[in-house]
Every structure is written in structure tokens, then in C-alpha cells.
Amino acid sequence: MCGIVGYAGRQAAAPIIIDGLRRLEYRGYDSAGVAVHDGRGIEVVRALGKLRALNDAVAKRPLAGSLGIGHTRWATHGRPSEENAHPHVAGSVAVVHNGIIENHAALRRELIADGVKFSSETDTEIIAHLVDRSLKGGAKGLFEAVRASLQLVTGAYAIAVLSADEPGTIVAARHGSPLVLGFGENEMLCGSDISALLAHTRDMVFLEDGDVVELRAPVGDVGPSARIQTVTGIDVERPRKRIDWSPTMAERGGFKHFMLKEIHEQPDAIAATLRGRIDLENGDVHGAEIGLDGDAARAVRRVYIIACGTSYHAALIGRYWIEALARVPTVVELGSEIANRPAVFFEDDLVIAVSQSGETFDTLAGVKAAKAAGARILAVANVLDSAIPRLAHGELYTRAGPEIGVASTKCFTAQLTALLLVSIFLGRQRGALDAEAGRKLLQGLCEVPGHINELLGDQDYVRTIANSLVDATDVLFLGRGYNYPIALEGALKLKEISYAHAEGYAAGEMKHGPIALIDAQLPVVVVAPKDASYDKTLSNVQEVRAREGRVIALATKGDEAMHDLAEHIVWLPEAPEHVLPLLTVVPLQLLAYYVASRKGHDVDQPRNLAKTVTVE
Ligand code: BG6
């Protein structure tokens, strides 16, 4: 997830673009750049690091001109560097891009065979070369060249393009990534979301997938204009909308907190993490990023997962999947505990490090110990080129985009998505899963974004339950099988942001201790979808009710037995058992959010916590 901005007007473009990028920095901040047309040609300035680095670079090399494009980056293809920063230039063309070009490898090969020299590792540079080639091939202007080039591209994109030969034109397009137009006083703007444009106008047009727009800067008495077409050149109209949000609200997409926004971004994060990695027809997962070929996958004797915090809970579910779907014995260890004992690693171990930041000291230390023992390392991380992936043999990135809220939400479900892909890959390569089983599992995973949208639709009820928990000082979370780590995660979310004492427990373990806590005051949240462990969980709920415990149940729609026992119930959609953890966690994220928000806590930056802990 990156941020792009375009400006076509009468004012100096560079400061307006950089200000717009600053409002999009929550989308990515590892490098940035701007290209401005000064009437004679295009000047490009790029810088590694946060936006202020670009600001300093532009201060040293002032950019004249009232037409330009800019970008703030969240690396997906090509590590953070000045060469990989946008805009990317080819011939007379400069391009900024947010999204992922799925067929970038094939297009790169084709362009190299055509004699093209690449100067970056990015998928984006391909678009610049395609447009440049189309212009040299006789396209009638930038608008046509961009449309023709986009017909060769598959994947998700929002782009803005300049040509040195058209000093008054920006061509922008979207497919799968957001792009908004802003109609200002004698100026036109485009951006990844409204927060970049609000300082200039409240009149906006939201482009739809497949739209390509030609923005024309004002010339003399002729005002600015925008012409929208499909990639095949058919004119389309899009309605103008008047926006009444403040810029800060806009950065949070209208949500009160980044955490709530990120909970709503889970369907997109999961879809992005799946994109270009599965072969539904053959029930397979592409293994290139995992860094294991068939022989290496079959040679794995044990899987060893290292993680901390919320990532540790994802790892626990990963173990269930790897053992169930690939039949490989799997160990899960807290990063901070590996340092406290002489952990044993083998050369034929596959060690998976799960970390949103890729920088957590405890997990990194565990990876170093495993690597020193000759084990093979796979990193499942969200930040590209961070410390742990840099040490690993394989890198499977979750594509959740930057996560601003300290309490992890969208990265958790994106990690689950990545770990399920690894489990299916190992299962298929080792013959534990046939094509039909693989297809079913992947089909179930592809339907998860839809199910989550359904769950997000019923928040009012979760809010009511949260109101009943605001004064609770202790809460017990219970679950069996896949649901046990979800109970742990639900408890952690409530602890992290509401500061209530919450404990997650394996439901089957309750009788060996925590049942002593149960009385009419203690709320007990039970994760109880209709799965293989349902009957046993139902009897645990009866044990709680027998001691007057207050039951809040997550249950599959139509489950009358649970309905009769529970004080409150959150209905879950019917879904294949193996994907349930990606669904059951969502109401628990919302529950914690509404309790903490009701208490007036700083939900995005809760006390005593940090997003990334790089010390022991
Ligand atoms: C904590 C964060 O500091 O680290 C948690 O507050 C996170 O949200 C944990 O789960 C582990 O971090 P990471 O980046 O290794 O997943």
C-alpha cells in the first residue's frame, strides 16, 4: 500500500504534492519521490526514508512547474532504496504506482528481450517502459499510450503518468487500488485517497476499476479538465461528490481510530496476500517466495515456528494447519523463551519466523540461533526487507500495508493467510494433500474476505456486548483446537487496549484450574463455531453455566443449543473449518476496540506498549 498524488494547476506543484504525500504517509513511508514538468521537461527527485528526506532533497534542488506527480512508498517488489523509489522513468515517461503487477516477471522478460535496460527491481518500472514503447510505437499521445499499455498488465494498480512531450497532461488510472480526483479552483488533483486532496477541494470523483483519466492543466483562459475513459477508449461519466470530512478524519478513512480502520481493511489485506500466489485450478500454491522446491519441501523433518505477541498466536494456528494438512511435526516457540534455553535445531528443520515488523529482537535472536545451527529459515513478515527477512532463505510477505495501531489486527489475519498458504504448499509437495483437497482449501480461503465483510456488517451487537463489559476487571476467554489460540488473541486484544485483566485458556483445560474463577460476575467469552471440537466446547459452556458464569458465545448461525446457554451471542457465518480462525477473531477485535473506545483510551497508542520492540 503506497500513496500517490498528482497536481495540474497554476500553483507550484512540488509543495502541494509533498503536502499531499504527507497526509498519505500512513500508507507507506520507506521512500518517496516527485516528478515535476517545468514546461521544458520532467525533473525527478527521490529519497530513501520518511518524507522529510524528500523535502530536504527538494529544498536542495528546487522544482519549478505547475504539473507533477508524487509517491510515498511501502515496498512490495524491490527493497526500500533510492533506485526502487518512485517515480520510475523510461524515455520521456515518468510513472508513480500503488498496487502489485502480477504478470511483472513475464513482461520484464519480454521487455528485456526487446533490449530494454531496467534500473530498478520494481514491478512499476515495467509500466514506464510499456508506455514509452507505445509512444515510440506511434500511439497518439500519452492518454492512448497508457490505455494501450494497461491492456497488457494484470494485477492491482493506481497510477499517475507524465510525459516530457505533454507539459499540461497527467494520465491516471485505477484497477483494484483506490484513486480519487479533486476538482479545485483552477486546478485538478488526483490521489490515493481524499486526505491528500482535502486541503484544496471538497469536490471529488471516485474512479472505478478500469477507469483511465486524462487531466489537463489550465492554459490561459481555458480551465482545467478531466476526461475519463475505459482502457479500451470508451468515454465514461462518474458522479461528483462533496466531502465534509476533516483532513485528520480522512487519514483514518473516516474511522475514529486507525485500529478500527485496520480491522475493516482485513478483507483487502487477505485478498492482497493471496494475489498471484495460488493456482486454484490445480489446488496449488506457488513456492518461489517460500524458497523451497519439491525436494526441499519433502526433506523437511520438522517445522519450528518462532514469534512473539499476536504473531505467536498466529504461529499456534499455523501449527494446527501444518500438522493437519502437511503431516509435519511442528513446534511453536516464543522468541523471548528461545534465549532462555538451549533450543535444539536441526539442518533439516524448516524454521518459520512470524513477525509483522520483521524487527522484533526476541524473534530475530531465535532466527539467528536457528540459522547458526544450519536450519532453513522462512520469514513471514509485513515490512519488506526488514531484519528477519534479510536473514531468511525464503520471504513470504503479508501484504497488509502499514499497520499504525499498536494492537495488531489486519496483520494477524494476513499472517494466518500466509501460514495457511505454507501449509497447503507443504501438503501438496509432500503428497499429504491431493489436488481436489488443495482446491477446496484454497477456495475456502478465497471466500474469507466476503465472510469478514459480512461480520463487519453487524457491529452494533458487538458494541452492545462491549458496553456490558466496560466495568469488567476480569474476563476469561475459552476455545478448543483452532479456537484456543483465538481465545488467547481475544484476551490479548482486551488486555492491550482496555487494560482489563483477560485470560485465554484451552477450554478443555478449564476443569484443571480456572473453573475456580467462575461465578456470576465473571464474563466468559467462548469461541464455539460448529467444528470438530464443538460438542466438547458445548459441555464446557454447560460447566460454566452450572456455576452461574456469564457466557458470551461466538457461535455458528442457527446454533439454538448455544443460544439457550449464552447471555450474549455473536453469530458466525457457515464456513469451512480450516478458515474459521480468520473469521472468529474479527468479533473479538471489535469487542476489545469498543470496550477500550468506550473507556476513552488512546486505542491506537495504548499505554506501556510499542508497535515494534527491538530490545531484549
Ligand atoms: C509488540 C506489539 O510490541 O510486538 C504487538 O505491540 C506485536 O502488536 C508484538 O504482536 C510482536 O511484533 P512483531 O512485529 O514481531 O509481529
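## The ligand shell

In this predicted model, helix H10, spanning residues 309-326, is the element that gives the most to the shell around the ligand, with 3 residues. The shell holds 14 residues, and those that come nearest are Ser 311, Ser 355, Gln 356, Ser 357 and Thr 360. By character, the shell residues divide into 4 nonpolar, 8 polar and 2 charged.

Which side-chain and backbone atoms come close to the oxygen atoms of the ligand? For Thr 360, a polar side-chain atom lies 2.5 Å from a ligand oxygen. The side chain of Ser 357 has an N or O atom 2.7 Å from an oxygen atom of the ligand. Val 406 takes part through its backbone, with an N or O atom 3.0 Å from a ligand oxygen. On its own the ligand has 390 Å² of accessible area, and the protein covers 91% of that.

## The parallel sheet

Let's move on to the sheets. One of them is open and has 5 strands, paired in parallel and ordered S23-S22-S24-S25-S26. Strand S23 (501-506) and strand S26 (568-572) each have a single partner strand, so each of these edge strands has one side left without a neighbour in the sheet. Averaged over neighbouring strands, and ignoring direction, the turn of one against the other is 15 degrees.

For a detailed look at one pairing, take strand S25 (residues 550-556), which runs parallel to S26 and is joined to it over 5 bridges. Within this pairing, Ile 552 has His 568 of S26 as its bridge partner. Helix H18, residues 483-498, packs on the sheet and touches three of its strands: strand S22 (474-479), S23 and strand S24 (523-528). The direction of helix H18 makes about 175 degrees with that of S23.

## The antiparallel sheet

Another open sheet has 6 strands with antiparallel pairing, in the order S5-S6-S7-S8-S12-S13. Its edges are formed by strand S5 (88-90) and strand S13 (225-230), each of which pairs on one side only. From one strand to the next, the twist averages 20 degrees.

At the S5 edge, S5 and strand S6 (residues 93-101) pair in the antiparallel sense over 3 bridges. Val 89 finds its bridge partner in S6, namely Ala 94. Helix H4 (residues 124-136) packs on this sheet, where it touches S5, S6 and strand S7 (155-163), and its direction makes about 135 degrees with that of S6. Helix H5 (residues 142-150) packs on the sheet as well, touching S7, strand S8 (169-175), strand S12 (211-216) and S13. Relative to the direction of S7, helix H5 makes an angle of about 155 degrees.

## Backbone details to look at

Two spots in the backbone are worth a glance in your viewer. The peptide bond that leads from His 86 to Pro 87 is cis, with omega near 5 degrees. Pro 87 sits in the loop between strand S4 (67-73) and S5, and S5 is one of the edge strands of the antiparallel sheet.

The other spot is Arg 327, a residue other than glycine with a positive phi, near 55 degrees. Where is Arg 327 placed? Its place is in the loop between H10 and strand S18 (330-334). That brings us back to helix H10, the element that gives the most to the shell around the ligand.

Definitions and conventions. Residues numbered from 1 in each chain as written. Predicted model: local features only at pLDDT ≥ 70, side-chain atom pairs only at ≥ 80, totals over all residues. Heavy atoms only, no water. Near = heavy atom within 4 Å. Polar contact = N/O pair within 3.5 Å; in protein donor to acceptor, adjacent residues only side chain to side chain. Areas by Shrake-Rupley, 256 points an atom, 1.4 Å probe, with all protein chains shown as cover. Helix = DSSP H or I, 4+ residues; strand = E, 2+ residues; numbered from the N terminus. Nonpolar A, V, L, I, M, F, W, Y, C, P; charged D, E, K, R; others polar. Pairing = 2+ DSSP bridges. Axes fitted to C-alpha atoms, helices over the stretch in contact; angles between N-to-C directions. Contact = heavy atoms within 4.5 Å.
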